[in-house]
Amino acid sequence: MRRVDSTQSTQTSQAAAGCPVNSHNGWDPLEEVIVGRLEGATIPPAHPSVTFTLPSTSAKLLGLVAGRRYPRALVRRAQRQLQAFIGILEAEGVRVRRPDTLDGSVEIGNHHWSNRGFCTACPRDGFIVIGDEIIETPMAWRSRFFEGYAYRPLFKEYFAQGARWSSAPKPQLSDALFDPDYTPPAVGEPMRYLLTEFEPVFDAADFIRCGRDIFAMRSNVTNLSGIQWLQRHLGDRYRVHTLEFRCRTPMHIDSSFMPLAPGKLLVNPDYLDVTKLPAMFDSWDILVAPRPVPPPGLLFKLASMTSAWISLNVLMLDEQRVIVEENQLPLIRMLEAHGFKPIPCGFADYLPFGGAFHCATLDVRRRGDLRSYF
């Protein structure tokens, strides 16, 4: 069904054995992970890079509350679910690391702009681990300009133990990066994006790793220059494929396209046309996700920073164990039918902070080597 490249570098294997950072895909056995924080969380400013990626109700509400602290009750509820999630990870044998606390209410900026920050709830956005290398990404949200500072103590520790540590060019995020005439395209109209090609920007969550092949989504936080920068940085050892999506306000590939294990791909039928997948997936089992179950109560409708398809934002602990939102019973049943072992966990209260299980984590170490699966 698939070809696995068995020609592994002895040097690569030896380096992985002595380095705390080693991750090539999203399904090798997870040994160490960084989980985000909610302390200091501040509602991001109502900049177009934010509002054009949010559900319409949340975008309208943002204009009234931008720059304020998240309500304490909202944070407490999300903290309880976050701690339960961490408890599951630790019970499953995963070492959990945490970033420092970052005060999002502090004014930040450069000579082009100034505004308040955000939070460190979603480390998946700001960093991507490729093998033994941590790459800091040039995110397009101005509120996240200094978010990486919360992770510096961890990254310095990993660097001291042999990890490679790189950063894409720090972006200016001036007005030239954003199309002033942008409006989301209607269904049937040609796709268009908020970002210009003024400078490379990208969120790591717009990329999914499958060994030597990495799949990318152009979005309202990732431009073509950003995708090109990552390909050139990685060199010929990796192949970056830009997929075609039909979400009209795109942001982050991991609610649309989720490889779960070698030969098994979970897709969102609203945002991805399965008939247009690259031919390399012809031998894979394509799991078309069931309609998402809306989170209970008004919280999701009023304050969520995600679409309902955040249901796909699962976290694989290995090729079988998968952490899934407990309300997504149709998805849980589908995963069980395909040989997975779902671990249900409530996480709906985390959605106002930007994501679910995959977003809230950054793989540091998975037990496995670099391979080709196509």
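Which residues are buried in helix α9 (residues 329–337)? I will come back to that in a moment, after a word on what we are looking at. This is a predicted model, in which local features need pLDDT of at least 70 and side-chain atom pairs count only at pLDDT 80 or more, while totals for chains, interfaces and linings use all residues. Residues are numbered from 1 along each chain as its sequence is written, and side-chain values use heavy atoms, with hydrogens and water left out.

Now to the helix, where helices (H or I, at least four residues) and strands (E, at least two) are DSSP runs numbered from the N terminus. The buried residues of α9 are Leu331, Ile332, Met334 and Leu335, where buried means under 20% relative accessible area, exposed means over 50%, and partly exposed lies in between, with a 1.4 Å probe and protein chains only. These four cover an arc of only 160 degrees around the axis, which puts them on the same side of α9; the arc is that of the directions from the helix axis to the C-beta atoms. An α-helix has 3.6 residues a turn, so residues three or four places apart point the same way. On the other side of α9, Arg333 and Ala337 are exposed. The buried residues of α9 pack against five strands, β11, β12 (264–267), β13 (285–288), β15 (321–325) and β16 (341–345), and after the helix comes Gly339, with a positive phi near 90 degrees.

Helix α3 (residues 56–65) can be read in a similar way, with Ser58, Ala59 and Leu62 buried. Those three cover an arc of only 100 degrees around the axis, which places them on the same side of α3, whereas Ser56, Lys60, Gly63 and Leu64, on the other side, are exposed. Just after α3, Gly67 takes a positive phi of about 85 degrees.

Let me turn to Arg365, which sits in strand β17 (residues 361–366) and is buried, with a relative accessible area of 18%. What does its side chain meet? The side chain of Arg365 makes a polar contact with the side chain of Glu32 at 2.9 Å, and a polar atom of the Arg365 side chain lies 3.1 Å from the backbone oxygen of Pro20. A polar contact is a pair of N or O atoms within 3.5 Å; within protein, one must be able to donate a hydrogen and the other to accept it, and residues adjacent in sequence count only if both atoms are side-chain atoms. Leaving aside neighbours within four places in sequence, Arg365 is in contact (heavy atoms within 4.5 Å) with residues including Cys19, Asn22 and Leu30.

Finally, the enclosed spaces. On a 1 Å grid over the protein atoms alone, a cavity is a set of points where a 1.4 Å probe fits but cannot get out, and lining residues have an atom within 4 Å of a point. There are 4 cavities of 30 Å³ or more, and the largest has a volume of about 210 Å³, volume being the space filled by probe spheres set on grid points joined across faces, edges and corners. Its lining has 20 residues, with Gly26, Arg124, Ile208, Arg209 and His358 nearest the centre of this largest cavity. Among the elements that give two or more residues to that lining are β8 (207–210) and β17. The second largest cavity holds about 120 Å³ of space and is lined by 15 residues, Glu325 and Gln328 being among those nearest its centre.

Methods: 1 Å grid on protein atoms, 1.4 Å probe; cavity = no way out; pocket = protein on both sides within 12 Å on 5 of 7 lines; lining within 4 Å.
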